[in-house]
Structures are given as C-alpha cells and as structure tokens.
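This briefing covers two topics: strand pairing and one pocket. Keep the structure open while reading.

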Amino acid sequence: MHTGKWWWETQTSLLNVLKKLDAQQPGGTIVPIIISSDKTQVTMFRNKTAYPVYLTIGNIPKELRRKPSSGSHILLAYLPTIRLKHITNKASCCRAIANLYHACLRRVLAPLIPAGTGGISMCSGDGAHRRCHPIFASFVGDYPEQLLATGVKFGECPKCDVDAKDTGSNTTQFHLQKLSEVLDALAAFDDGNLAFVHTCAAAGIKPIIHPFWEDLPFVNIFCTIMPDVLHQLYQGLIKHLLAWLSAACGGAEIDARCRQLPPNHHICLFTKGITCLSRVSGTEHAQICRFILGIIIDICLPNNLNLHAAHHYHLMITLFGTTDNYNTEYTERLHIDLAKNAYHTTNHKDEFIQMTHWLEQKEKILWHQNFVSWCLAGGHHFEPYHSRPPDMTFHQEQVMTKHPTAKAVSFQKMVEDYGATHFREALARFIVHKRRGDHSVPLRDQELELLAGDIHFPFNCLPVFHKIKWCSIDTGGLTKGHVTLDSVHTKPQQKWASGPWAHVVYILDHDGWAGRNIISDGDGWAHMGQGNMIIHGDGWAHLGNM
C-alpha cells in the first residue's frame, strides 16, 4: 500500500498541518486504517444475521494481510441488525437504519479523531517507539455497503458525480464527489428538517445525521471507497463479459474454444464450456479470467461494452496500490472464524455477548501459546519481518511421477499417436550432445548429423510420461511448500469433431537452437507450455521432435 500516492500525499499534508508538533517530536508517520464491514448469515434457517466490522492497517505487508491465519485482521465491533419493523413507513425505516449504522460507526471510530491529529506513541516491529497517526484510509465493502457508507442513492456511483442514467456510457465526463459541498449540505441540519432534506438531495446524498466520517481527520470518504474485486470484477464484470461475448459471437463458439484448451497448471478446464454454467462462484470466475483472453484473441468484437466501475480502478491503484490490498475476499473468509463459528458456540440467546466472550478467550489462548513457544525458543527476540519484492530466480527442481503413464510405446506409435515424426533423429542428436558434455567448441550441423548417424538403438519401445513439473524449492518465505512454476502436459493425438488435435512445443536450449523439442534435467535447457511426448531415462527427460 505504501507504493500508492495517497500515503505520501497524506504524510506531506500531515507535516504541513502539524509543523509545531513535528518540531517538538520529529519523525511522525502514518498508520493507514482499513475498515471493512459486511452483513452475513450465521444460520441456514431463521434468517439470523451478524454485522461484523473488521480492522487492519496498511503497514502490514499484503502477503501477510491476505492470510486469515496470520491474525492481521481484528474484529472491531458487531453492528446492530435490527430491522425497526415498528416504523411502518418504508422510507423512514431505511433512513433510520442508515442513521443507526453511522451513529454506531461514529462511536466506534471516535478514538481516531484525537489520535489522527495529535498522534500516539507506538512500538513497531523493530522495537523502536514512533509517533504514529492512525488515519482512516480505506473502506472495503460491496456495493450496498459503499452506498450505506457514503449516503449515495441506489443505482448511482458511490465515488463520482455521474448520473445514474449515464453509468452505462463510456463518453460521459465525471469527477469525484466534492467533499466540501457534501459537508456544507450536512451542516444544514440545524436549519430544519425540510431544508436539510432538500439540501442533501441537491448535493446528491441521503439526509444522514452526522455520518461517521464527518469529523475524521484527512478523510475524503469518496476517495476511500475501494474497488470491490470479488463482486465487481469476478461476480460482476466477468459475468457481464461472458453474456456480452455470447451475444457477440455465440455461446457455442465460446464453449467450443474452451474445450480446445490444452491442460496446464493453475488453470481449471471447463470441458462443457462456460456459457452454460449456473451459480458460478467467485473462485470459478477467477479461473475463467486466466484464459478468457486466449480464447477470444482472434475474434472481432463490437465496441459496445460499458463498465463504469472499471473507470475508477486506474485512480485507485495509483493512490492505494494494487487491488489485492483491499479485496473483499479476505473479509468473506473472516466471517467463518469471527461470526459463524462464534455463533455456533452460543445457546442462541443474547448471542453477541457470548460470541465476544468466546472470541476473547480464544485470543488469550493464542497469546499464551505464542508466549510458550517464545519461551521454549530461548526467549530471544524474533527478527523483525521485512517485506521484499518477489524474486523470480527461485531454485527449482524437476518433478515427475514414479511410474510412467504408458510403460512401453513403440517408435511407430510415437509417430502415429504422438506426432513425434523425427523422434529417432532427435534422440540420436541428444545422445551426441550428452556424450560431449560441456565441450567449449560447438558442433557444426554436418558433424552433428554424421555422429548421430552412428547411434544405434537396441530397443524399439520407451516409457512415456504425460506430465512433468518444475517446482520451486525456495519461495523466499512467501509461501510454504513447493509451488509449481512451470509444467508440460502431453497426450496422444485425439479425434474431435473439428478434426485431429495435437500439442506442440518449441524448446530453446543453451546454444540458442530452437525447435529441437528436448528437455533436460536442469543443465540450462529451457522449457515451456505443451509437448508431444515426455520420455524419461537415466537422469534426463526429453520431448520427441515434430
């Protein structure tokens, strides 16, 4: 999050406003507060809900913040979920619920007002005490939560001044909501109820009495509303994009292209297509994002796709960093630990008091467990965590199954089923190179063909593998265990309705010789994508030549 411009601009504004304080206590820094809220169901029946509010800070690296097990999010409060059924007028009831929401959050976030302006002394991970200013930076939530926080009417954008009827246009000019005009409208509450309602309607917001962000320092609520990756992109944009593609070129064509995709690691194959799916989850939409561009790259598409929410992504990434800093998927996972599981431990009577007691006891047990682990380790201070950028020079190893997919495949079958038409010649050239080792003088083509012609094979069959992977040994501490960096999948040639289909791969060796289709066990041979066939020998593996 520190790579965005908001942090540096707010730091500069803070120093300009608090020059006297900074002269007395230099070295003040910002602690970006990230707030997220979302109502969730805690029972399958009886429609019982909970309304948790979570808090985390932007100083924690995102590779830790996105892991629920790291404990980087804390439960800040449970908001009331009362429906106020005694208010019969629907508009009045909705207005009362909105005011109740803001009154509760205003009470919860009230300590940020003096702490943000005056600062508080906090101990960082390296043991040093610094003057920190916790400032409300980001609000993470879905579209209804964004409307509730900003007070914008349904159907309108919670960030800019575009009209609801123009959100589907790509040519309409828009700007962020002006906070000063909204604050002036909110100040009209003292002029009477009717004047207050008319003033708020002219400013484009609902008549909210003292919203929670009104007095928070250095806060522009319309700027702090973050893009909702889960619901806007995965569940919204991708769903809309699939419908647009189906209307543009036909669902049968899209599904046929999906069925032609070759297998690869980290990609889920939809063998029945993607246009006929129903009740698609966010994870499945994320899988579709991995290959959707590859199946439409050569299709001429009409230029009529209108997505207003996507226009704000560039500004938000510039200000607050990449979208994985503020993804609603993290809080969706927190609902299980901090709401659903906590509710199931209660007797369902005055449940929120019991839920908070259970979570408090669980937290104390975790503290005690960490203290015991620290004592058993000798009581030494742990080294502070320093985030480092991802390094692509990971150490890797070649991984293959213990037994081949096909135990004995003849040379003739390699040609007919796998398309390895010049496998014998490629294997002979490979053996010549392995015999020479790391010879400084490369062979000329004529010499190589002459030596390869003297190679004779005392066998007619070889075992064939259909998959080979390269896994990282050291991931820099970012993940645990092996991570697949690359893989090659092969399978025999098959007959489809559109004709024969086979895989193709081009391999580039350390001499820059392309098209040999050979993979070694880490002696500098490069590999990529798809192959026709994988053979395994004494410490080496290679692909048959096309």
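In this predicted model, strand β1, residues 29–37, pairs with β4 in the antiparallel sense. Five bridges join the two strands. β4 also pairs with β5, again antiparallel, over four bridges.

**Strand pairing**
- Strand β4 spans residues 52–57.
- Facing β1, Y54 of β4 stands opposite S36.
- Facing β5, L55 of β4 stands opposite I74.
- The β1 pairing runs over five bridges, and the β5 pairing over four.

**Cover of β4**
- How much of β4 is buried? Five of the six residues are, so the strand counts as mostly covered, with buried meaning under 20% relative accessible area.

**Second largest pocket: size and centre**
- The volume of the second largest pocket is about 810 Å³.
- Its lining has 22 residues.
- Closest to the pocket centre are G71, H73, L338, E363 and L366.

**Second largest pocket: which elements line it**
- Three elements each give at least two lining residues: β5 (74–78), α14 (328–344) and α15 (351–376).
- Which element supplies the largest share of the lining? That is α15, with eight residues.
- β5 therefore appears in both topics: β5 pairs with β4, and β5 supplies at least two residues of this lining, as a strand in the DSSP sense.

**Second largest pocket: lining by class**
- Nonpolar residues number 10.
- Polar residues number seven.
- Charged residues number five.

Note on methods:
Residues are numbered from 1 along each chain as its sequence is written. This is a predicted model: local features need pLDDT of at least 70, side-chain atom pairs count only at pLDDT 80 or more; totals for chains, interfaces and linings use all residues. Side-chain values use heavy atoms; hydrogens and water are left out. On a 1 Å grid over the protein atoms alone, a cavity is a set of points where a 1.4 Å probe fits but cannot get out, and a pocket is an open set with protein on both sides within 12 Å along at least five of seven lines; lining residues have an atom within 4 Å of a point. Grid points are joined across faces, edges and corners, and a volume is the space filled by probe spheres set on the points. Ala, Val, Leu, Ile, Met, Phe, Trp, Tyr, Cys and Pro count as nonpolar, Asp, Glu, Lys and Arg as charged, and the others, Gly among them, as polar. Buried means under 20% relative accessible area, exposed over 50%, partly exposed in between (1.4 Å probe, protein chains only). Two strands pair if DSSP finds at least two bridges between them.
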